[in-house]
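Please examine the sequence and the three-dimensional structure shown here. A short report on the chains, their domains and some backbone details comes after them.

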Amino acid sequence: MNILIVGLNHKTAPIEVREKIAFDGPKLEEAINILKKSNAVKENIILSTCNRVEIYAGVSDMDSGIESIKDFISEFHKVSRDLLDKSLYLHKGTEAIRHMYRVASSLDSMVVGEPQILGQLKDAYDTALKNKTTGVLLNKLMRKSVSVAKRIRTETRIAASAVSISFAAVELAKKIFEDLSTKAFMLIGAGEMAELAARHLINSGVQDVFITNRTMARAEELALEFHGKVITFENFVQELLHTDIVICSTGAPHYILLKEQVHKTMKERKQKPMFIIDISVPRNIDPQINDLDNVYLYDVDSLQGIVDTNVQERAKEAEKAEQIVDEEIGSFLKWHASLAATPTVVALRNKAEEIRKAEFEKTVKKLGPMEEEKVKAIEYLTISIVNKLIHPPTAALKSENNDKETMLDVVQKLFQLETEKGKDEET
Amino acid sequence: MQIETNVLLFELALTFYFIATISGIIEIFRGKKDTSKVSLYLSLIGFIFHTANIIMRYIKGGHIPVTSMHEATSFFSWSILILFFIHEFRYKLGLLSSFIMPIVFLLMFSSSIFPREIKVLSPVLQSYWFVIHVILAFLGDAAFAMACGIGIMYLLQERNVKSKHLTMLFQKLPSLQTLDEINYHLITLGFPLLTLAMITGVIWANSAWGTYWRWDPKEVWSLITWLVYAIVLHLRLTVGWRGKKAAILSIVGFIIVIFAFFGIALILKGQHVFM
């Protein structure tokens, strides 16, 4: 049996296609149970996230496995085979193991190192376990993938630092304030990036939220979304007195906050630290404000600078991670090889031994009584002939190579071995 | 025989503090996100030997071992360690031992330079007021030593955040707010201890010499130290001298403490001079 992965992700398929092929909610259980009934697919797990849909399968024959999985997707989602052939990728055998490891350890993610994927993968596996759609092969692969992902997480810094502007802002805020839940936050203006950063801050515990905007209606809209309080744009400088974190993103062509104003505010708030993030271009906040004690001003470029360094660092760490993946593939292959080969090797040895014994006894009987030594010599002769003969095929079966399946098949046919199919999977 | 054992204990403590310091400094530069506890464990082992050494000297001398420069410096670093362990276990601050252990080690090292014999206690020092005075003074100084280490950590982390160039150190050091709060809390601990130490000192001086205050250089420098920390606290509470300024002041304050501790004893003469 071999491993096959059929899937698509953000690199191979646009969101419109991914949406169509997603197995969300109850569809997932339905789908794995349908696949379970397929003859070609012995084991299956389906992972469906917003960035990828992948079917992990244990198949006895690659080609029929691929065909039946594609047919299944096309039928289940009512999409044309044409579209599938264009966007699906296939990973077989060793490459499938590598892909699995890379997905689990977030090396294949849109944002390399993001932590959610491992949880999503575990959920997918849990669903499969509950529905009993996996067997010894995928169980081992899943467990191994999780441990590889953990190893990569502890041995490399792949997920150590923020790689988006909004996460970098939160990370900084935590290094300035420690506990964000006691801090007040003000959003000046609006804009996609500012709102994203605001959302991350609120998710990290910030509770007091002030919203201000030149357009009152927009401010109220945002206040509703973030459970914040609206303050008028004319008043925002006064309100800074009670604000610890500021995100500013307005379309103003000039500075809306000057060093003098912040200097005065800082005096009034007895130098309680302030973290100001200016996402506007052109900048809205006087950069000299950063020179004031206990005020930390970051603009888009400085945040981007941090993100870039972190991305570079992740790329470097990803290389280390790929090496770990390579190492771990070897250990899985070994296990897989022994799994498939052992029963055949044993059967081959037994068969040879049976023949040898029978022929040896027959000959000894025919020759009649003779010296013990001579009997021993004959027995030794038979043993060494048999051993020499079966050594190359058993060694080949035990070694790791790509067409093991074929070889097992050939050996079984040539020597007319009967290994119980079921046994392969249970050892 | 007994002397030899306690010399051995001292040397063991010194050695472990040295290794703890080195591993703490390596930890600052090591490119791993999580901080290792090696330095902490080494310092704990050293601390056990150190404590045994102090107890042995106490038994042998029959009084609290702070009456020679060797003993006083060793007791000083021992007091810092007590506060260090309390803070380490309570706040689990990343890299704290990297910044405290060098101070502890340097004090122990200077202690090792001074003559080690156990001296007979002069009658003037045989007083409960003296024992209380000394313990309060050392705990106060230990709190200032901790505040200095934390202050250095604050300045490093502040530079990280201000310069917008986040190094690995940024990840490992605690947040600015945590460092500033602990710095403040250490000074609010050290200041009353120092105040009480001065009061008990004055009472004891009166019972020993019949005069409260004699403008002994140590007394003068203690007063200066006291004033510096009084100003630190005052500025913080009134005009909000926190963060960077508080960190710098706590480093300056500790330099004065160290000067008052060594400088006076070595350069000038007075009742606080042990040799």
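The report below treats the domains, the contacts and then the backbone.

This is a predicted model, in which local features need pLDDT of at least 70, side-chain atom pairs count only at pLDDT 80 or more, and totals for chains, interfaces and linings use all residues. Residues are numbered from 1 along each chain as its sequence is written, while chains are lettered from A and ligands numbered from 1 in the order in which they are written.

**Domains**

Domain bounds come from an automatic or database domain assignment. Chain A is divided into domain 1 (2-160), domain 2 (165-301) and domain 3 (334-395 + 403-426). Between the C-alpha centres of domain 1 of chain A and domain 2 of chain A there are 42 Å. For chain B, the assignment gives domain 1 (1-121) and domain 2 (125-275). The C-alpha centres of domain 1 of chain B and domain 2 of chain B are separated by 19 Å. The contact between these two domains involves 25 residues from domain 1 of chain B and 24 residues from domain 2 of chain B; two residues are in contact if their C-beta atoms, placed from the backbone, lie within 7 Å.

Helices (H or I, at least four residues) and strands (E, at least two) are DSSP runs, numbered from the N terminus. On the side of domain 1 of chain B that touches domain 2 of chain B, helix H3 (69-91) and helix H4 (96-113) of chain B are the elements that give two or more residues. H3(B) gives the most, with 10 residues. This side of domain 1 of chain B has 17 nonpolar, 7 polar and 1 charged residues. Ala, Val, Leu, Ile, Met, Phe, Trp, Tyr, Cys and Pro count as nonpolar, Asp, Glu, Lys and Arg as charged, and the others, Gly among them, as polar.

**Contact between the chains**

Chain B brings 16 residues to its contact with chain A, and chain A brings 20 residues. In chain B, helix H5 (128-163), helix H6 (168-172), helix H7 (176-209) and helix H9 (243-267) each supply at least two residues of the side that touches chain A. By class, that side of chain B has 4 nonpolar, 6 polar and 6 charged residues.

**Backbone details**

Two residues other than glycine have a positive phi, as the table shows.

| Residue | Phi | Loop of chain A |
|---|---|---|
| Lys78(A) | near 55 degrees | between helix H3 (62-77) and helix H4 (81-87) |
| Lys132(A) | near 50 degrees | between helix H6 (116-130) and helix H7 (136-155) |

Lys78(A) is exposed (12 or fewer other C-beta atoms within 10 Å, placed from the backbone), because it has 8 such atoms within 10 Å. Lys132(A) also counts as exposed, with 11 C-beta neighbours inside 10 Å.

A cis peptide bond, with omega about -5 degrees, joins Val281(A) and Pro282(A). Pro282(A) is in the loop between strand E9 (274-278) and strand E10 (295-299) of chain A.

Definitions and conventions:
Buried ≥ 20, exposed ≤ 12 C-beta atoms within 10 Å, placed from the backbone.
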